Amino acid sequence: MHISKTDSTSQMLRALLILAGVFFVMLILTGALAMWVGGFFPPSSRAGYLCQSAVQALLAFAGTAAVVAKFVSRRPAGFLGLTQSVTWRPFVGVLIVYALAMPFLNQLIYYNSLMTLPEALAPLENYMRQMEEMNGKVVATVLAGDSIWVLLSGILVIGVLTGFGEEMLFRGALQRSLDIYPPMRQWAIWISAVIFSAVHLQFFGFFPRLLLGAFFGYLLYSSGSLWPGVFAHALNNSIVVVATWLSERGVIEGDADSWGVVRDGFPIWGVVSLAALVIFFIFGYRYFFVARQAAKCESIDSSSY
């Protein structure tokens, strides 16, 4: 079914307004429920943070996406990219990308952490560093401990639930809402990635998270399915959990963000990693990530809105 440019623009704006309104309501509900759940645990405890993270992922993120899809589409699950069939290739491709990209991303994380603002923006930089320290303390509390329960609960909540919830909201709801207007399809990926990175309030990791968000967005765009992005997101988060757990047990030194980082001198591993990643995308992107054209067109057909 053909939809005019004017109609698709109005549908996109309507979807974005619904998304903003529903997300606002869900944030209020999530805050109230998280406070109630947190009352069952000691203040600033690991269990409390985990439960609050689970509530946020399922209600504020996945819940918002589900409600928005119900309002804007006759096929909510299809709109979110949950029903498009997908082969094994994108999942293998994700594993290859992470293996190749780790040193480059870690080097970028290191450079981003050195960011300084002009003196006139010193108050803003102080605020950003305070937010970074606050988030760092929460993450350290959640990932602290070397028991198997710490590992399994961290993978479940921080890896799987958070990965699923954030992909539902930022790619399934936000990117797909922007995607309603065809000229926005490429822009939708990057707009969603910018918002995704910004809402984490970890500004000294903004650029690596932006690139990850764009990668998740291209996975949805190319395959028509949300699941490769969910897998990639959960894998990224779980790597941090597993590396921290291994570090707590003394199996490895440092954390996942330090692998391949050169702090002084030429970042050889980062450059090699980036070159290998570019070569892989040039020769392997279509094979691993692009769905059959017919399936891809069906997944973004305007009749689903």
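This report walks through a predicted model, taking in one helix, one buried arginine, the nonpolar cores and a pocket.

## Helix 5 and its two sides

Let's start with helix 5, which runs over residues 122-142 and counts 21 residues. From its first C-alpha to its last it reaches 30 Å, close to the 30 Å expected at 1.5 Å a residue.

Which residues of helix 5 are buried? They are Glu125, Met128, Met131, Asn135 and Val142. These residues sit on the same side of helix 5, because they cover an arc of only 125° around the axis. Flip to the other side of helix 5 and you'll find Pro123, Glu133 and Lys137, which are exposed. As for what the buried residues pack against, that's helix 2 (46-72) and helix 6 (148-179).

## An arginine tucked inside

Helix 6 is also the place to look for arginine 171. Is arginine 171 buried or exposed? With a relative accessible area of 0%, arginine 171 counts as buried, since the cut-off for that is under 20%.

Arginine 171 has plenty to touch, even without counting residues up to four places away in sequence: Glu166, Arg176, Ser192, Ala193, Phe196, Gly213, Phe216, Gly217, Leu220, Leu226 and His233.

## The nonpolar cores

Now for the largest nonpolar core, which has 46 residues. Val94, Val97, Phe215, Phe216, Ala232 and Phe289 are the ones with the most contacts inside it. The elements giving two or more residues to this core are helix 1 (5-38), helix 2, helix 4 (89-113), helix 6, helix 7 (185-198), helix 8 (206-223), helix 9 (227-248) and helix 10 (268-289). Helix 2 chips in with the largest share, seven residues.

Zoom in on alanine 232: setting aside neighbours within four places in sequence, its contacts are Val94, Tyr98, Phe215, Phe216 and Leu219. Apart from the largest core lies another one, made of eleven residues. Its members include Val142, Val157, Leu161 and Trp245. You've met Val142 already, as one of the buried residues of helix 5.

## The second largest pocket

Last stop: the second largest pocket, which holds about 450 Å³ of space. How many residues line it? There are 21, and Leu211, Ala214, Phe215, Tyr218 and Phe281 are those nearest its centre. Phe215 should ring a bell, as it's also among the residues with the most contacts inside the largest nonpolar core.

Helix 4, helix 7, helix 8 and helix 10 each bring at least two residues to this lining. Helix 8 gives the most, with seven residues.

Definitions and conventions
Residues are numbered from 1 along each chain as its sequence is written. This is a predicted model: local features need pLDDT of at least 70, side-chain atom pairs count only at pLDDT 80 or more; totals for chains, interfaces and linings use all residues. Side-chain values use heavy atoms; hydrogens and water are left out. Helices (H or I, at least four residues) and strands (E, at least two) are DSSP runs, numbered from the N terminus. The expected span of a helix is 1.5 Å times one less than its number of residues. Buried means under 20% relative accessible area, exposed over 50%, partly exposed in between (1.4 Å probe, protein chains only). The arc is that of the directions from the helix axis to the C-beta atoms. Contact means heavy atoms within 4.5 Å. A nonpolar core is a set of buried Ala, Val, Leu, Ile, Met, Phe, Trp, Tyr and Cys residues joined through side-chain atoms within 4.5 Å. On a 1 Å grid over the protein atoms alone, a cavity is a set of points where a 1.4 Å probe fits but cannot get out, and a pocket is an open set with protein on both sides within 12 Å along at least five of seven lines; lining residues have an atom within 4 Å of a point. Grid points are joined across faces, edges and corners, and a volume is the space filled by probe spheres set on the points.
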